[in-house]
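Got your viewer open and the selection tool ready? Let's take a walk through this model, one stop at a time.

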Amino acid sequence: MKKMKIAVLAGGNSAERDVSWASGCKISNALADSGYAVALLDVWLGVELNGKTAGELFLARPEYRDYAFQVPRTPPNLEELKSRRSPHCAGYFGPNVLDVCRAADVVFIALHGAAGENGQLQATLGLLEIPFTGSDFAGCVVAMDKHLAKRQMRSAGQRTADWLYYQRCEDIDEETVREKIGFPCAVKPPRGGSSIGISLPQNAGEFREAVQKAVSADAGGSDGDILIEKYIQGREFCVGILDGKALPPIEIIPRYGWFDYESKYQSERTNEVCPAEITDELTAALQAAALAVHKALHLGFYSRVDFKVDSAGTFYCLEANTLPGMTPTSLLPQEAAAAGIPYEQLCDMIAKDAIRRRSEKASN
Ligand SMILES: Nc1ncnc2c1ncn2[C@@H]1O[C@H](COP(=O)(O)OP(=O)(O)O)[C@@H](O)[C@H]1O
Ligand SMILES: [Mg+2]
């Protein structure tokens with residue numbers, strides 16, 4: 001029987017490209033183990049065909065060779081990345097990427113951040129009628145924008161920390177921030193990820209620096225707009241959603257400081273406990289809230305919803321991720337493993353959902 005062809009899109013031009021490449025490598029290896037023919041592509045740098053057709057780039061075992069990649073300690077230098085791209089290349093898609101996607105049965109989106117996660121890629125693939133994994137563009141647009149997502153959570157009756165949103169950082173009124181939010185607070189680029197550009201300032205001086213950091217070009221995720229959120233002191237939990245069900249919560253305990261970029265991707269810097277050591281009541285409440293947020297944001301087959309819980313046991317949703325980290329040691333795969341779903345099966349389930357939706361569309 002002919003093997004199903006899956007194009008795995010990773011890399012990209014966002015500050016989270018290294019994290020994405022790590023996810024893409026592991027996903028590709030797992031899909032090859034499950035019997036698919038796989039082509040892993042950097043969506044932004046593209047691929048040379050070297051005389052082959054796009055369809056010939058898909059390899060199955062034994063020709064397929066495993067990829068290995070370790071996320072460096074600091075986010076990538078995007079200027080240096082631009083210099084590696086041909087000056088003739090314009091737009092988001094690198095050479096031959098769309099041709100390879102068209103030759104695939106399904107595209108597995110392993111991107112994080114920017115156009116890969118904010119719905120633009122999903123909308124493009126949808127218009128081209130190329131089947132892809134995960135959430136549709138509308139869910140991605142809202143989930144990626146923390147201001148829109150928080151409004152949606154509130155209107156669905158889900159708790160999220162109080163916040164202020166300013167379209168331009170010049171409009172920030174410090175008196176209002178002090179009165180309504182206070183210090184410490186969380187200052188964020190509204191459409192960022194991996195904690196890039198986020199600070200937790202303790203006072204007015206640090207707050208001004210935090211605003212500059214969040215809107216600066218290399219933070220990404222901001223067009224000069226800014227989100228300022230009440231700081232929630234307490235424990236942090238994530239709850240994965242897979243196929244309409246909540247997975248066991250995982251607790252994240254950073255060993256140094258808070259859950260910043262380095263803590264997220266250098267395993268010795270955080271302690272992750274799954275299933276989280278909390279009461280059955282809190283587990284059930286977090287799972288119900290995660291599912292409610294997932295539904296309120298119209299997300300697809302999988303997502304990961306993040307929470308802070310204060311000392312009184314009150315929990316607040318921080319955000320929902322439509323494309324959570326997907327290396328075997330990432331949070332969602334750890335939660336799936338705790339629910340008895342090994343990594344290879346998790347990747348296969350996500351691919352199969354896209355294949356199923358493709359067949360449904362074809363028969364309509
Ligand atoms: N309101 C808050 N109170 C306390 N800590 C926060 C708050 N918002 C964010 N953080 C910390 O910053 C991290 C990143 O914030 P998050 O909103 O999830 O952004 P990102 O999309 O970059 O992951 C969180 O995992 C948490 O540790
Ligand atoms: Mg987060």
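**Around the ligand**

Start by selecting ligand 1 and its shell: by class, there are eight nonpolar, four polar and seven charged residues. Here Ala, Val, Leu, Ile, Met, Phe, Trp, Tyr, Cys and Pro count as nonpolar, Asp, Glu, Lys and Arg as charged, and the others, Gly among them, as polar.

A word on what you are looking at: this is a predicted model, in which local features need pLDDT of at least 70 and side-chain atom pairs count only at pLDDT 80 or more, while totals for chains, interfaces and linings use all residues. Residues are numbered from 1 along each chain as its sequence is written, and chains are lettered from A and ligands numbered from 1 in the order in which they are written.

Stay with ligand 1, which 19 residues surround; a residue is near it if its C-beta atom, placed from the backbone, lies within 6 Å. Pick out the closest ones: A186, G193, E229, I232 and F259. Now colour strand 5 (185-188), strand 6 (226-230), strand 11 (302-309) and strand 12 (315-321). Each of these four supplies at least two residues of the shell. Helices (H or I, at least four residues) and strands (E, at least two) are DSSP runs, numbered from the N terminus.

Where does ligand 1 lie with respect to domain 2 and domain 3? It lies between them, because both domain 2 (135-159 + 232-322) and domain 3 (162-230) give residues to its shell. The domain bounds come from an automatic or database domain assignment.

**The antiparallel sheet**

Next, select strands 4, 6 and 5, in that order: they make an open sheet with antiparallel pairing. Strands pair if DSSP finds at least two bridges between them. At the edges are strand 4 (163-166) and strand 5, each pairing on one side only. Neighbouring strands here are turned by 15° against each other on average, direction ignored.

Zoom in on the pairings. Strand 4 is joined to strand 6 by four bridges, and L164 stands opposite I228. Four bridges also join strand 5 to strand 6, with K188 facing L227.

Is strand 5 covered on one face or both? Both: C185 and V187 on one side, and A186 and K188 on the other, are all buried. Buried takes 20 or more other C-beta atoms within 10 Å of a residue's own, exposed 12 or fewer, and partly exposed falls in between, with C-beta atoms placed from the backbone.

Now add helix 9 (204-215), which lies across strand 5 and strand 6 at about 25° to strand 5. Axes are lines fitted to C-alpha atoms, for helices over the stretch in contact, and angles run from 0 to 180 degrees between N-to-C directions. Contact puts two C-beta atoms, placed from the backbone, within 7 Å.

**Over to the parallel sheet**

Move to domain 1 (5-133). Its centre and that of domain 3 are separated by 32 Å, taken over C-alpha atoms. Even so, 11 residues of domain 1 are in contact with six of domain 3.

Select strands 2, 1 and 3 for an open sheet with parallel pairing. Strand 2 and strand 3 (106-109) each have a single partner, so one side of each is left without a neighbour in the sheet. Six bridges join strand 1 (5-10) to strand 2, and A7 stands opposite A39. Helix 1 (17-33) lies across all three strands, at about 165° to strand 1.

Last stop: D66, in the loop between strand 2 (37-42) and helix 2 (78-83). D66 counts as exposed because it has 12 C-beta neighbours inside 10 Å.
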